[in-house]
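Reader: I am a first-year student, and I would like a close look at one part of this model, followed outward step by step. Could you begin with a single helix, and explain what surrounds it before moving on?

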Amino acid sequence: MKIAIVCYPTFGGSGVVATELGLELARRGHEIHFITYSQPVRLALLSPNVHYHEVNVPEYPLFHYQPYELALSSKLVDMVKLYKIELLHVHYAIPHAYAGYMAKQMLKDEGINIPMVTTLHGTDITLVGNHPFYKPAVTFSINKSDYVTSVSQSLKDETLKLFNIKKEIEVIPNFIELDKNVNDPTIACHRSVMAKANERIITHISNFRKVKRIPDIIKIFYSIQKEIPAKLMMVGDGPEKEKAEYLCQKLGILDKVIFFGNSNEIDKILSYTDLFLLPSETESFGLAALEAMAWSVPIISSNSGGLPEVNFDGISGYLSDVGNTDEMAVNALKILKDDETLKKFKENALNIAKKFDIKNILPLYEELYKKAINQYV
Ligand code: GMT
């Protein structure tokens, strides 16, 4: 199949899922065209089956806001015609589903019928899409998609609750490539560089937005390091990072916290991590947690959104109410208290992650694509 993938190219779950999906589809022989405003961060190499088309938005002094949707839909039209693309898969409803629908209509005018699959990722529904200024356009473009998927049952329920959706929504969860962890020889363990042998390593990875509740992470770690020797790895960048550094300084724990910034070495960091923290306000799935579990890392998370669908309470880690940092710290110490308990949680985390291996999830997308393309044949 010839598939166009539209996504955000930056660090963030939806772009990561879209990129990894495209790369795996390409490995399976499909022709993949990434169409976005810069090369996706996880798209290191282009190959004969992987193409990247940049969307350029010409600036003009009259524009207060640059019309990205317009440029994106025009690019989609041009690329569909040039490469005879058979399907559009847009990730994140805003504004991709809207731009995709416009492209569909323009192409229809020229006698080309192309199906569009929209994948809902989370904040496009829960935080941003639900804003009254966006809601009519988001509702419209979801309903005009040929097929709609959501990354968790919780996100599906939330979408149906918040919007007037007439389409069936299929749940296709986030995935990880487990083989990569076993087979990548470049992932040597650098644990000794980061921490002493007796210190537990605790990690958080995100884009440091408010929704991630970064101060909660510092609070949980503060309680942990009072009881046991530990280090905290803070990976990522975003609006809450500076405040987090300040809080660590105020609490006198800056020497125990390493701020990495955005990193392409997530696998390396996770390979020596003992515990992952994700106390988010809302999380449609929690890809970062799954990526950690794939490295046998147990999770302390909130119980919001889709997190209970990936982190199983008392098995792969623990879940607590949003903001209950005291309980989260107690649970973290339960996991970290001795090597035997930690080992059990690690094994469980990996076993649950296996369910989300790309080998199990990718065929669900392929089936959907076939259905979508066949409806226009
Ligand atoms: O988590 C983020 O802040 C990034 C965000 C995105 O849209 O890129 O991630 C969302 O999509 C991921 C992939 O489907 C999900 O695993 C994340 O849970 C979801 N984030 C939220 O719902 C906050």
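**A helix on a sheet, and beyond**

Author: Helix H12, which covers residues 325-336, lies across strand E8 (200-205), strand E11 (275-278), strand E12 (299-302) and strand E13, and its direction makes an angle of about 170° with that of E13. Please keep in mind throughout that this is a predicted model.

The strands under this helix belong to an open sheet of six strands, which is paired in parallel and follows the order E10-E9-E8-E11-E12-E13. Strand E10 (257-261) and strand E13 (317-320) each have a single partner strand, so they form the edges of the sheet, and one side of each has no neighbour there. From one strand to the next, the twist averages 20°. At the end of the order where E10 stands, strand E9 (residues 230-235) runs parallel to E10 and is joined to it by four bridges. In that pair, Leu232 is found opposite Val257 of E10.

Returning to H12, we find that this helix also packs against helix H13 (residues 339-354), with the axes 6 Å apart and an angle of about 100° between them. The two helices, H12 and H13, are therefore roughly perpendicular to each other. On the H12 side the contact is made by Lys334, Ile335 and Leu336, while H13 contributes Thr341, Leu342 and Phe345. Sorted by class, the residues where H12 meets H13 are four nonpolar, one polar and one charged.

The model has a further open sheet, and it can be read in the manner just used, beginning with its strands. It is built from seven strands in the order E3-E2-E1-E4-E5-E6-E7, with parallel pairing. Its edge strands are strand E3 (50-54) and strand E7 (169-171), each of which pairs on one side only. The average twist in this sheet, from one strand to the next, is 25°. Within it, strand E4 (residues 87-91) pairs with strand E5 (residues 116-120) in the parallel sense, over four bridges, and the bridge partner of His89 in E5 is Val117.

Helices pack on this sheet as well. Helix H1 touches strand E1 (2-6), strand E2 (31-36), E3 and E4, and its direction makes about 155° with that of E2. Helix H3 touches E1, E4 and E5, and its direction makes about 175° with that of E5.

H3 is worth following further, since other helices pack against it. Helix H2 (residues 68-83) packs with H3 at an angle of about 50°, and their axes are 8 Å apart. H2 and H3 are therefore oblique to each other, and H2 passes H3 in a right-handed crossing. Among the residues that make this contact are Leu72, Leu76 and Val80 of H2, together with Pro95, Ala99 and Met106 of H3. Taken by class, the contact of H2 with H3 has 11 nonpolar, four polar and two charged residues.

Helix H4 (residues 135-143) is a further neighbour of H3 (residues 93-109): their axes come within 9 Å and cross at roughly 55°. That angle makes H3 oblique to H4, and here the crossing, in which H3 passes H4, is left-handed. The contact is made by Ala93, Ile94, Ala97, Tyr98 and Tyr101 of H3, and by Ala137, Val138, Phe140 and Ser141 of H4. These residues divide into eight nonpolar, one polar and no charged.

Two details of the backbone belong to this region. The peptide bond from Ile94 to Pro95 is cis, with omega near -15°, and Pro95 lies in helix H3. Lys84, although not a glycine, has a positive phi of about 55°, and the place of Lys84 is in the loop between H2 and E4.

Finally, we can turn from packing to charge. Side chains of opposite charge can pair when their charged atoms come close. The structure holds 23 salt bridges, and one of them joins the side chains of Glu24 and Arg27, at 2.9 Å from N to O. Glu24 and Arg27 both lie in helix H1 (residues 13-27), where they are three residues apart, about one turn of the helix.

Note on methods. Residues are numbered from 1 along each chain as its sequence is written. This is a predicted model: local features need pLDDT of at least 70, side-chain atom pairs count only at pLDDT 80 or more; totals for chains, interfaces and linings use all residues. Side-chain values use heavy atoms; hydrogens and water are left out. Two strands pair if DSSP finds at least two bridges between them. Axes are lines fitted to C-alpha atoms, for helices over the stretch in contact, and angles run from 0 to 180 degrees between N-to-C directions. Contact means heavy atoms within 4.5 Å. Angles under 35 degrees count as roughly parallel, over 145 as roughly antiparallel, 65 to 115 as roughly perpendicular and the rest as oblique. A crossing is left-handed if the near helix is turned anticlockwise from the far one by less than a right angle, and right-handed if clockwise. Ala, Val, Leu, Ile, Met, Phe, Trp, Tyr, Cys and Pro count as nonpolar, Asp, Glu, Lys and Arg as charged, and the others, Gly among them, as polar. A salt bridge is a side-chain nitrogen of Lys or Arg within 4 Å of a carboxyl oxygen of Asp or Glu.
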